[in-house]
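Please take a moment with the sequence and the model shown here before reading on. The paragraphs that follow lead from the chain as a whole to particular residues and pairs.

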Amino acid sequence: MLPIHIYINSIYLFRLHQTKRTFLNDTPHSFPLDMDEEQPKPNTTDTTPVPRKERLRTRCCYCLCHTFWILLVIVIIIVMLVILVLYIIITPRSFRFHVTEARLAQFDHSNTTLRYNLLLNITATNPNKKLKIYYDVVRATALYHAVSLSTTDVNMPWNSYLQDKKASNRFSAVFSGKRVVPLNRKQVLEFHEDSEDGVFPIVVKIRFNIRFRLGDLQSGHFNARGTCAIKVPLATSKVETMAAFDPTKCRVDF
């Protein structure tokens, strides 16, 4: 017969074992048997929050760049509008040149020497309503069949002549002298034909150095070129048979 304490312990262990089995069978998912498989996996994504100062710095840089581009576009638009308004108000136009009178007192060629005496009267017109024009330097060159005769200054009342708005002024240029010009066969034939007609084709090239003035403001210097293709009758003693000169407009290029 077993001792009483062994018998009591056996009964206690048996009941404890039965109680544990009953609990596990009733709630099988409450306490997983394999703890290694049920542990949550570590999160590999870095979720470290961005410091607040860095977020503020990035936001400020974006705002400054955005504001800068907006201001730049506004400034460009304002400048373009100002230029457009000034252009509409001023409406700059190129000046006009006309050879109104031409007198060829002498034009003969002998022994390879060309003698000539040409007087031109030129009218300059400023069509602008707001701009005045300074004529600082005006020089003219006369050519006959691509042969340069001479270069002279256009006679003006004074240097840097200021032409008023909507004004027309008359200037003159004189080409006189002689020059050794060995004409080729073609040029000799052309000279004889022109002598028979009594009219000589002369090309006058004018170079301008000018400035524009608006109120008290003055622009920089501009270089312009004018080309006048004229036909000048030779003055003779038979005035009644002399051909008349037709006023000619010059082409002006900037």
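What share of the 254 residues in the chain is buried? In this model, which is a predicted one, buried residues make up 27% of the chain. The surface that the chain exposes comes to about 18800 Å², and carbon and sulfur atoms supply 59% of that area. As for secondary structure, the chain contains 4 helices and 11 strands. When contacts with a separation of 6 or more are considered, 70% of them are accounted for by residues 24 or more positions apart.

A residue in one of the strands can serve as a starting point. Threonine 123 belongs to strand β2, which covers residues 113-126, and threonine 123 counts as buried because its relative accessible area is 18%, under the 20% that marks the limit for burial. Once its neighbours within four places in sequence are set aside, threonine 123 is in contact with Arg96, Phe97, His98 and Thr100, and also with Ser168, Asn169 and Arg170.

Arg170 also takes part in a salt bridge, in which the side chains of glutamate 101 and arginine 170 meet at 3.1 Å, N to O. This pair links distant parts of the chain, since glutamate 101 is in strand β1 (residues 96-110) and arginine 170 is in strand β6, 69 residues apart. Glutamate 101 is described as partly exposed because its relative accessible area is 40%. As a general matter, side chains of opposite charge can pair when their charged atoms come close.

How many salt bridges does a search of the whole structure find? The search finds 4, and one of them joins aspartate 136 to arginine 211, with the closest N and O atoms 2.9 Å apart. Here again distant parts of the chain are linked, with aspartate 136 in strand β3 and arginine 211 in strand β7 (residues 199-214), 75 residues apart. Are these two residues buried or exposed? Both aspartate 136 and arginine 211 are buried. Another salt bridge is formed by arginine 251 and aspartate 253, whose closest N and O atoms are 3.2 Å apart. Arginine 251 counts as exposed because its relative accessible area is 52%, whereas aspartate 253, at 31% relative accessibility, counts as partly exposed.

Arginine 251 and aspartate 253 lead on to arginine 225, which has its place in strand β9, residues 222-233. Leaving aside neighbours within four places in sequence, arginine 225 is in contact with Arg251, Val252 and Asp253, as well as with Ile206, Arg207 and Phe208. Arginine 225 is partly exposed, because its relative accessible area is 49%, and the limit above which a residue is called exposed is 50%. The C-alpha atoms of arginine 225 and alanine 140 are separated by 9.7 Å, although the two residues are 85 residues apart along the chain.

A helix offers another case of residues brought together from separate places in the sequence. Serine 195 is found in helix α4, which covers residues 185-197, and its C-alpha atom is 8.4 Å from that of leucine 234, while the two are 39 residues apart in sequence. With a relative accessible area of 34%, serine 195 is partly exposed.

Two loop residues deserve attention for their backbone angles. Most residues other than glycine have a negative phi. Histidine 145, however, has a positive phi near 50°, and histidine 145 lies in the loop between β3 (132-144) and β4 (147-153). Its relative accessible area of 28% makes histidine 145 partly exposed. Lysine 166 likewise has a positive phi, near 50°, and lysine 166 is placed in the loop between β5 (161-163) and β6 (167-180).

Is lysine 166 buried or exposed? Lysine 166 counts as exposed because its relative accessibility is 55%. Lysine 166 also belongs to a patch of positive charge on the surface, where it gathers with Arg93, Arg96, Lys129, Lys130, Lys165 and Lys249. Arg96, a member of this patch, has already appeared among the contacts of threonine 123, which brings the description back to the buried residue in strand β2.

Notes: Residues numbered from 1 in each chain as written. Predicted model: local features only at pLDDT ≥ 70, side-chain atom pairs only at ≥ 80, totals over all residues. Heavy atoms only, no water. Patch = residues over 30% accessible without salt bridge, like charges linked within 9 Å, V, L, I, M, F, W, Y side chains within 5 Å. Areas by Shrake-Rupley, 256 points an atom, 1.4 Å probe, with all protein chains shown as cover. Lys, Arg positive; Asp, Glu negative; His and termini not counted. Charge placed at Lys NZ, Arg CZ, Asp CG, Glu CD. Helix = DSSP H or I, 4+ residues; strand = E, 2+ residues; numbered from the N terminus. Buried < 20%, exposed > 50% of the residue type's maximum accessible area, 1.4 Å probe, protein only. Contact = heavy atoms within 4.5 Å.
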